[in-house]
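Subject: The structure, and some notes on it

Hi,

Here is the structure I promised to pass on. Please have it open while you read, as my notes follow below.

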Amino acid sequence: MGIMKEYKETHHSLMYKSTSDLSLYSAGYEECPSGYGYGPKIRSYHLIHFVLYGKGELHINEHIFQLSAGDAFFIPAGKVSYYEASKEDPWCYAWVSFLGINSQMYLYQLMTSTDDVYIVHGLDNQKYKERIFEIISLQGVSTSRYFQANGILFQIMAMLFDDINFQESNWGKSSVVDEVKFYLDINYAEKIKLRDVAKSFGIHPNYLTRIFHEKYGISPKQYLISLKLKKARRLLTTTELSVSVISSSLGFDDQLAFSKIFKKEFAVSPSEYRKQSRISS
């Protein structure tokens, strides 16, 4: 059996928390046994996990991520997620969860500042563990404890914004094309039809293609394929997942279509790319 410690903020109701600016829901620490999995689950609050040691795997919607010490992963409210400890080297992590009127904006600001959207690499997670243990050590449900716990949550968020080098000047100037790009960044692993995306944003597909190309120098279709292939390369070099599993997890119609697009871009098949990456590493 693993070891788990948790603090849940119970001074205020979920309704109160959801209408606050940002409010702590829980914080915890867990040393997972081999192969231990949690989910699939949808939550009404946001979660950030900090991997302290060991390895594990995160599934969120149709994304698959391999994680290890120094990584953190985001689970937004309303997203289906499942995560599992490695059988050979099970992970230990600390987490913090929160909600509130502006909580989604804060989380999305973090997510849009990272390459993998749901993942941050290269963090000093010991400092996050120390803050989370300060929350766990709090006793009682007094107003004093409520302010202490939320004060530490704000410290954790401040540390994260510093660590990812969040650019304040780039936020708050979003247009429909920025919103579409973020939608693609979040949902690229699903089977997206750009005409449906354009419709959901109330614009014509041709207009979407034009303004997207004007802003980013690439069509939304090309951008989507580029995201999928970037993730495919990471999965091929960091996991033992089969090409067919990687293909389906990235929303390709079938393995053949995936292999054809991959080879056109990189001049080698996915299997050959995996072999070459291992020889060179």
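Let me begin with helix H11, where Lys275 and Ile279 are exposed on one side. Please keep in mind that this is a predicted model.

The other side of H11 has its own set of residues: Pro270, Tyr273, Arg274 and Ser277 are buried there. Looking down the axis of H11, you will find these buried residues within an arc of 100°, so they line one face of the helix. The general rule is handy here: an α-helix has 3.6 residues a turn, so residues three or four places apart point the same way.

What covers that buried face? The cover includes H8, helix H9 (243-249) and helix H10 (255-266).

H8 deserves a closer look. Two packed helices are described by the angle between their axes and the distance between the axes. For helix H8 (residues 220-238) and helix H11 (residues 270-280), the angle is about 55° and the axes are 9 Å apart. H8 is therefore oblique to H11, since the angle falls neither under 35 degrees nor in the 65 to 115 range nor over 145. As for handedness, H8 and H11 cross in a right-handed way.

If you want to show the side chains at this contact, pick Arg233, Leu235, Leu236 and Thr237 from H8, which meet Pro270, Tyr273, Arg274, Ser277 and Arg278 from H11. Sorted by class, the contact of H8 with H11 has four nonpolar, two polar and three charged residues.

One residue of that contact is worth following further. Pro270 lies in H11, and its relative accessible area is 1%, so Pro270 is buried, the cut-off being under 20%. Which residues touch Pro270, leaving aside its neighbours within four places in sequence? They are Leu236, Val243, Phe258, Ser259 and Phe262. If you would like a distance to try out in your viewer, take Pro270 and Cys32: they are 238 residues apart in sequence and 33 Å apart in space, C-alpha to C-alpha.

Next, two places in the strands. Ser23 sits in strand S2 (residues 23-31). Is Ser23 buried or exposed? Its relative accessibility is 0%, so Ser23 counts as buried. Setting aside neighbours within four places in sequence, Ser23 is in contact with Lys17, Phe98, Leu99, Tyr146, Asn150 and Leu153.

The second place is a peptide bond. Gly39 and Pro40 are joined by a cis peptide bond, with omega at about 0°. Pro40 belongs to strand S3 (residues 37-41).

Finally, a couple of backbone angles in the loops. Asn165 is not a glycine, yet its phi is positive, at about 55°. You will find Asn165 in the loop between helix H4 (143-163) and helix H5 (176-187). With a relative accessible area of 54%, Asn165 is exposed, because the cut-off for that is over 50%.

Ala267 also has a positive phi, about 70°, although it is not a glycine. This residue is found in the loop between H10 and H11, which brings us back to the helix I began with. Ala267 is exposed too, with a relative accessible area of 59%.

Do write back if anything is unclear.

Best wishes

How values were computed
Residues numbered from 1 in each chain as written. Predicted model: local features only at pLDDT ≥ 70, side-chain atom pairs only at ≥ 80, totals over all residues. Heavy atoms only, no water. Axes fitted to C-alpha atoms, helices over the stretch in contact; angles between N-to-C directions. Helix = DSSP H or I, 4+ residues; strand = E, 2+ residues; numbered from the N terminus. Left-handed = near helix turned anticlockwise from the far one by under 90°. Contact = heavy atoms within 4.5 Å. Nonpolar A, V, L, I, M, F, W, Y, C, P; charged D, E, K, R; others polar. Buried < 20%, exposed > 50% of the residue type's maximum accessible area, 1.4 Å probe, protein only. Arc of directions from axis to C-beta.
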